[in-house]
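Here are my comments on the model, set out as numbered points for you to follow alongside the coordinates.

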Amino acid sequence: MGKIALLFAMILLPALSMAMTPEPVQSAAPVSKELKKQLLGTPVYIQIFKEERTLELYGKIGNEYRLLDTYRICNFSGGLGPKRREGDFKSPEGFYNVKLNQLKPDSRFYRAINIGFPNQYDRNQGYSGNYLMIHGDCKSIGCYAMTNAYMDEIFTYVNAALRNGQQDVSISIYPFRMTDSNMQRHRYSTYASFWQQLQPGYAYFAKYHQPPMVNVASGKYVMNSSPAPVLASPEAASHSFLALSKAE
């Protein structure tokens with residue numbers, strides 16, 4: 001019996017180990033530099049991955065969004081998991097939308113994009129906080145900080161898209177690339193049930209190359225067949241440039 005048990009262990013353990021190892025994720029190759037320049041003003045979409053410290057900027061070509069470039073996040077704070085209260089120093093996770101009046105071209109942290117925290121989901125949870133940004137200067141207390149050079153390029157494409165008629169820019173913020181194996185790796189996290197709400201958005205974009213259409217129902221994120229996005233709170237969406245000057 002001992003030999004049989006050992007044999008089963010030798011067979012099963014490698015399989016279990018492979019199941020617990022996140023499958024490699026091949027990042028899509030960005031478009032050429034020449035095409036990227038030509039796409040200034042096209043609708044854009046942003047994905048952020050905390051664990052990978054990556055911001056991905058996509059531009060619309062035809063009916064699909066193609067990767068324009070990938071940027072290393074210089075700094076964020078608070079580790080994985082959603083922002084819940086002002087002063088917890090965490091950077092948000094979830095689905096956000098940016099309008100033109102949420103851009104701050106003269107932020108004291110170079111340039112800034114207010115992501116619109118808290119959104120409807122956050123408000124339903126009783127989460128609090130203000131002025132959560134993607135900005136430059138490589139410093140963060142709850143924001144996503146980039147180098148000034150990266151921020152300049154991200155800001156330029158978002159600004160051009162909004163001024164060229166895009167109603168709002170969707171930003172999906174994930175704790176990590178939400179593959180099944182990564183979800184399995186984090187299955188015991190206190191945030192696991194929240195992350196299960198985010199994964200369909202990640203999977204939708206990976207399959208269709210379109211930003212996910214997300215709504216909030218019964219206090220949870222849900223995929224929605226209608227085009228209505230998750231909106232920032234009216235207060236967050238209506239901040240003037242003057243109010244945004246208070247940004248981190």
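The points below take up the disulfide, a third cysteine, a buried asparagine and helix H6.

1. This is a predicted model, in which local features need pLDDT of at least 70 and side-chain atom pairs count only at pLDDT 80 or more, while totals for chains, interfaces and linings use all residues. Residues are numbered from 1 along each chain as its sequence is written, and side-chain values use heavy atoms, with hydrogens and water left out.

2. Cys74 and Cys138 form a disulfide (a pair of cysteine sulfur atoms within 2.5 Å), with their sulfur atoms 1.3 Å apart. Cys74 lies in the loop between strands S3 (64-72) and S4 (94-98) and Cys138 in the loop between strands S7 (133-135) and S8 (144-145), so the pair ties together parts that are 64 residues apart in sequence. Helices (H or I, at least four residues) and strands (E, at least two) are DSSP runs, numbered from the N terminus.

3. Cys74 is partly exposed at 22% relative accessibility, and Cys138 is partly exposed at 29%, whereas Cys143 is buried at 1%. Buried means under 20% relative accessible area, exposed over 50% and partly exposed in between, with a 1.4 Å probe and protein chains only.

4. Asn182, in helix H5 (residues 180-185), is buried with a relative accessible area of 4%, and a polar atom of its side chain lies 2.7 Å from the backbone oxygen of Arg177.

5. Helix H6 (residues 192-208) bends by about 30° at Leu198, with Pro200 following within four residues; the bend is the angle between axes fitted to the seven residues ending there and the seven starting there. Among the buried residues of H6 are Trp195, Leu198 and Phe205.

Definitions and conventions
A polar contact is a pair of N or O atoms within 3.5 Å; within protein, one must be able to donate a hydrogen and the other to accept it, and residues adjacent in sequence count only if both atoms are side-chain atoms. The expected span of a helix is 1.5 Å times one less than its number of residues.
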